[in-house]
Amino acid sequence: MTAPVYGKVALIGLGLIASSMYWAMSRRGLVGEVSGYARSEATRETARRIGLCDSIAESAAEAVADADLVVLAVPVGAMGAVAEEIGPHLKPGATVTDVGSVKKEVISAVGPHMPEGVHFIPGHPLAGTEHSGPESGFATLFDNRWCLLVPVEGSDRAAVARLKTFWEGLGAQVEEMDAEHHDLVLAVTSHTPHLIAYTMVGVADDLRRVTDSEVIKYSAAGFRDFTRIAASDPTMWRDVFLTNKEATLEILGRFTEELFALQRAIRKGDGAHLHEYFTRTRAIRRGIIEAGQDTDAPDFGRVKVER
Ligand code: NAP
């Protein structure tokens, strides 16, 4: 067995991402020990009951004591306050990372609270589900998914390399990106699609001509996939939009323009435009499957095809 990548890891926040990290770490003795902390007594109790982490602390400060790696796995809007609380209790030479879906805002909220001699290396695993809480995690969440590391100015290269080894041990592929670019890429691939899904489900909910039961009964025709995304955690997604405002608004602007162009094509009966557009988008789907980022089974693998 190889030596653990870190002696002690502290997970602050015990939801989907942190619990998945714990189960993934446990698969192969990646670290020495793991302490955890969540804000509510109920979550800490659940964590103890399901055996999440080697110990559950009563405060974030207690959890990070002597930790070699501290992972901030709370909603983006809570990162600054947590960093302020743990700052004075961090071990010299420790690495602090986060898993937040937005990077520029997290860097400005957390960075000022990091003491001299502590390595702050923001990160973001591109993996998740619509479920949240300590019981939603599973060990394979990060397998073959990307984790983006976003080193800040002056980040220690050895500390970055160690964090990369850690994420690879959790099953992920790791790449580095700067914060500005990260936030734009995620606005395209994740944040704006979520907003569109929220909107579509909201529209169906408002439409009085289609009854609620019809919306649910006939949902397999595309709407169902929107409802899955729109069931994601409201706190997390509120924070994503409030903190990645600039990039999301830019992509939403482009989206609206394209939508108007398609709207005009439908009104004018411009079938060639629609066909050309849908052919282009189909190729993007093929690219995602070829990159191993989704299944090519029909209906996302929900149906078994019998031949
Ligand atoms: P989650 O399942 O909703 O869990 C959030 C955890 O943070 C809970 O344990 C919660 O504690 C705790 N928490 C909230 N506010 C806190 C505070 N002020 N102090 C201490 N703990 C606090 O969330 P998640 O899905 O794991 O997301 C965590 C982070 O990962 C977010 O920043 C999100 O942007 C990012 N992320 C999420 C996904 C995804 O698909 N879900 C993917 C990649 C990255 P209580 O239970 O006690 O309230």
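## Briefing: strands, ligand shell and backbone angles

C53 has a relative accessibility of 9%, and because buried means under 20% relative accessible area, this residue counts as buried. C53 belongs to a predicted model, in which this residue sits in the loop that links α2 (41-50) to β3 (55-56). The points below take up the parallel strands β1, β2 and β3, then the ligand and its surroundings, and finally particular backbone angles and one helix.

**Parallel strands and their crossovers**

- Strand β2 (residues 31-37) is mostly covered by the protein, since five of its seven residues are buried.
- On one side of the pairing pattern, strand β1 (residues 6-12) runs parallel to β2 and is joined to it over six bridges, with V9 having V34 of β2 as its bridge partner.
- Between these two strands the chain passes through helix α1 (residues 16-27), and the resulting β-α-β crossover is right-handed.
- Strand β2 also runs parallel to β3, to which two bridges join it, and here G36 has I56 of β3 as its bridge partner.
- The chain travels from β2 to β3 by way of α2, and this β-α-β crossover is likewise right-handed.

**The ligand and its surroundings**

- There are 27 residues around the ligand, and those that come nearest are R39, S40, T43, V74 and S101.
- Helix α1, helix α4 (79-86) and strand β7 each supply at least two residues of the shell around the ligand.
- Backbone atoms also approach the ligand: a backbone N or O atom of L16 lies 2.9 Å from a ligand oxygen atom, a backbone N or O atom of I17 lies 2.9 Å from an oxygen atom of the ligand, and for V99 a backbone N or O atom lies 3.5 Å from a ligand oxygen atom.
- On its own the ligand has 910 Å² of accessible area, of which the protein covers 86%.

**Positive phi angles and helix α12**

- C53, the buried loop residue, has a phi near 75°, which is a positive value in a residue other than glycine.
- N144 is not a glycine either, yet its phi is positive at about 65°; this residue is found in the loop between β7 (123-125) and β8 (146-149), where N144 is partly exposed with a relative accessible area of 39%.
- Helix α12 (residues 271-290) has 20 residues, which at 1.5 Å a residue should span 28 Å, and its end C-alpha atoms are 29 Å apart, so the two values agree.
- G292, just after α12, takes a positive phi of about 75°.

Technical notes: Residues are numbered from 1 along each chain as its sequence is written. This is a predicted model: local features need pLDDT of at least 70, side-chain atom pairs count only at pLDDT 80 or more; totals for chains, interfaces and linings use all residues. Side-chain values use heavy atoms; hydrogens and water are left out. Helices (H or I, at least four residues) and strands (E, at least two) are DSSP runs, numbered from the N terminus. Buried means under 20% relative accessible area, exposed over 50%, partly exposed in between (1.4 Å probe, protein chains only). The expected span of a helix is 1.5 Å times one less than its number of residues. Two strands pair if DSSP finds at least two bridges between them. A crossover is right-handed if, with the strands pointing away from the viewer, the path from the first strand over the helix to the second runs clockwise. A residue is near a molecule or strand if one of its heavy atoms lies within 4 Å of it. A polar contact is a pair of N or O atoms within 3.5 Å; within protein, one must be able to donate a hydrogen and the other to accept it, and residues adjacent in sequence count only if both atoms are side-chain atoms. Accessible areas come from the Shrake-Rupley method with a 1.4 Å probe; for residues, only the protein chains shown count as cover.
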